[in-house]
Amino acid sequence: MDYFFLSLLFTVSLSTITFLLFRPTSTASRRKLRPPPGNVGLPFIGETLQLISAYKTENPEPFIDSRVARYGTLFTTHVFGERTVFSTDPDTNRFILQNEGRLFESSYPGSISNLVGRHSLLLMRGCLHRKMHSLTMSFANSTIIKDHLLVDIDRLVRLNLDSWTGRILLMEEAKKITFELTMKQLLSIDPCEWTEKLRKIYMRVIEGFFCIPSPIFSITYRRAIKARKRVAEALSLVVRERRKESEKGLKKNDMLAALFDSNGGGSGGGGGDGGGGGFTDDEIVDFLVSLLVAGYDTTSTTMTLAVKFITDTPLALAQLTDEHDEIRARKAASAPLEWEDYKSMPFTQCVINETLRVSNIISGVFRRAMKDVDIKGYTIPRGSKVFTSLRAVHLGQDNFKDARVFDPWRWEKTSDPTNFMPFGGGPRRCPGYELARVSLSVFLHHLVTRFSWKPAEEDKLVFFPTTRTQKRYPIIVQNRSSIAKQCIE
């Protein structure tokens, strides 16, 4: 028996050596590609656990810092089931993002792809993506915001702040605001019991974004898949009802109406050329889900962290309050903000820029190499997953002085440095970046002019599965008018 196994081992070994010595060599192998150096960790798991462990703390930087120190600004790792090339170099990131559709294409982990849907804006490519990106921008440009959206933003922010008293969870309140704003802009639906119920279901979808994409191995992912189905069913009912209204000639001025009017890609919404009949209901639902992701979670988190950062920086809070008190002094107490008011908030924009830079709500973006790409002395092999780390650039000491310190005054010296890309770049730059800024500005205006506050308890930032505060940032708010009244008495 021992002799049999030894003979079998010898035969297999000899066969393997013969195959390796005499197999045909492709052009790629003759070129001896030099991929970026790194460590792929354990089989299948790779270094995913190390990444998750780092991002569940207040200081996730060592995961990338240690690899940059060892391998350089372009390194290889293995996360979320795939070998992935990380870039922490601003020039390389710009090169990757600007070459969308030529050298690189959009590619996200299976967990995200499955939850946003195959017809989402995140996953669209080619002509269809360009068309839908342009359509989205047409509903979020400065003219549309000025003429149509600003009044709704101001009204919905005021409506939510009217109920604030005592102890609140700021992140929860901010999520309500941004979800209601997004539902209004997408579907013309005002806040109601239905929108609040949908929001709570939708939160479970977000929780599944960075899990092992298997319902068997991840309870969170299983919950997220079920929640996604419920969200899709709810949105499908709205889409069907609105389509009937549209066919009867009833029109509304929102994103859904634009989708009905747009000549879509039919069943090819996941990567077609944009020709053919109108969008199907399933394609529209996927598209709406992806816009909910963009408009809901990121903006609400930025709202929360802006408040946390200025609370921790009293001089910034004082200057911000002065700026908005001056604006409010020029207006009647109940008068809504106008476009001219928004354009007279220079320090507010400094606070927003610095919040975006320090918090990095979007840590980076995924791409996939469409062909072998030579860059920085290495070759990224065709088919490789690539992650452009925006966080590493924004917090890099070579890119910003005292990079890991919240300093809004740095933006008084420079308005748009080349290394600042909080909304991504290239053809896939976030189409709602101006809308996000306006929403943040209006929120901060009404917050600082109506309330004073203090943290209810200590809270800290964590960065997995998304950037957030661990306790949803509990604060105790007090109306400024009541404080003034007490002082007079």
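Begin by selecting Arg 410 and Glu 354, which form a salt bridge whose closest N and O atoms are 3.1 Å apart. In this predicted model, the pair links distant parts of the chain, since Arg 410 sits in the loop between α17 (390–394) and α18 (433–450) while Glu 354 belongs to helix α16 (residues 346–359), 56 residues apart. Colour both residues by accessibility: Arg 410 counts as buried because its relative accessibility is 10%, and Glu 354 is likewise buried, with a relative accessible area of 0%.

Next, select Asp 152, Arg 155, Lys 184 and Asp 190, which are joined into one network by salt bridges that share partners. The structure as a whole holds 32 salt bridges, and two further pairs are worth a stop.

For one of them, select Arg 167 and Glu 457, where the closest N and O atoms of the salt bridge are 2.5 Å apart. Arg 167 lies in strand β4 (residues 166–169) and Glu 457 in the loop between β9 (451–455) and β10 (461–462), so this contact ties together parts that are 290 residues apart in sequence. Glu 457 is partly exposed, its relative accessible area being 33%.

For the other, move to Lys 251 and Asp 261, whose side chains meet in a salt bridge at 3.0 Å, N to O. Lys 251 is in the loop between α11 and α12 (255–261), whereas Asp 261 is in helix α12, 10 residues apart. Are these two residues buried or exposed? Lys 251 counts as exposed at 53% relative accessibility, and Asp 261 counts as exposed at 53% as well.

Now turn to the surface and select Lys 197, Arg 204, Arg 222, Arg 223, Lys 226 and Arg 230, which form a positive patch. Helices α10 (193–207) and α11 (219–247) each supply at least two residues of this patch, and the largest share, 4 residues, comes from α11. Within the selection, pick out Arg 204, whose place is in helix α10; at 42% relative accessibility, Arg 204 counts as partly exposed.

Finally, switch to a cartoon view and select strands β1 (residues 74–79) and β2 (residues 82–87), which pair in the antiparallel sense over 6 bridges. Leu 74 has Ser 87, in β2, as its bridge partner. The hairpin of these strands has 2 residues between them, and Phe 80 takes a positive phi near 50 degrees there. Add strand β8 (residues 385–389) to the selection, since β2 and β8 run parallel and are joined by 4 bridges; to inspect this pairing, look at Val 85, which stands opposite Val 386 in β8.

Technical notes
Residues numbered from 1 in each chain as written. Predicted model: local features only at pLDDT ≥ 70, side-chain atom pairs only at ≥ 80, totals over all residues. Heavy atoms only, no water. Pairing = 2+ DSSP bridges. Patch = residues over 30% accessible without salt bridge, like charges linked within 9 Å, V, L, I, M, F, W, Y side chains within 5 Å. Areas by Shrake-Rupley, 256 points an atom, 1.4 Å probe, with all protein chains shown as cover. Salt bridge = Lys/Arg side-chain N within 4 Å of Asp/Glu carboxyl O. Lys, Arg positive; Asp, Glu negative; His and termini not counted. Charge placed at Lys NZ, Arg CZ, Asp CG, Glu CD. Buried < 20%, exposed > 50% of the residue type's maximum accessible area, 1.4 Å probe, protein only.
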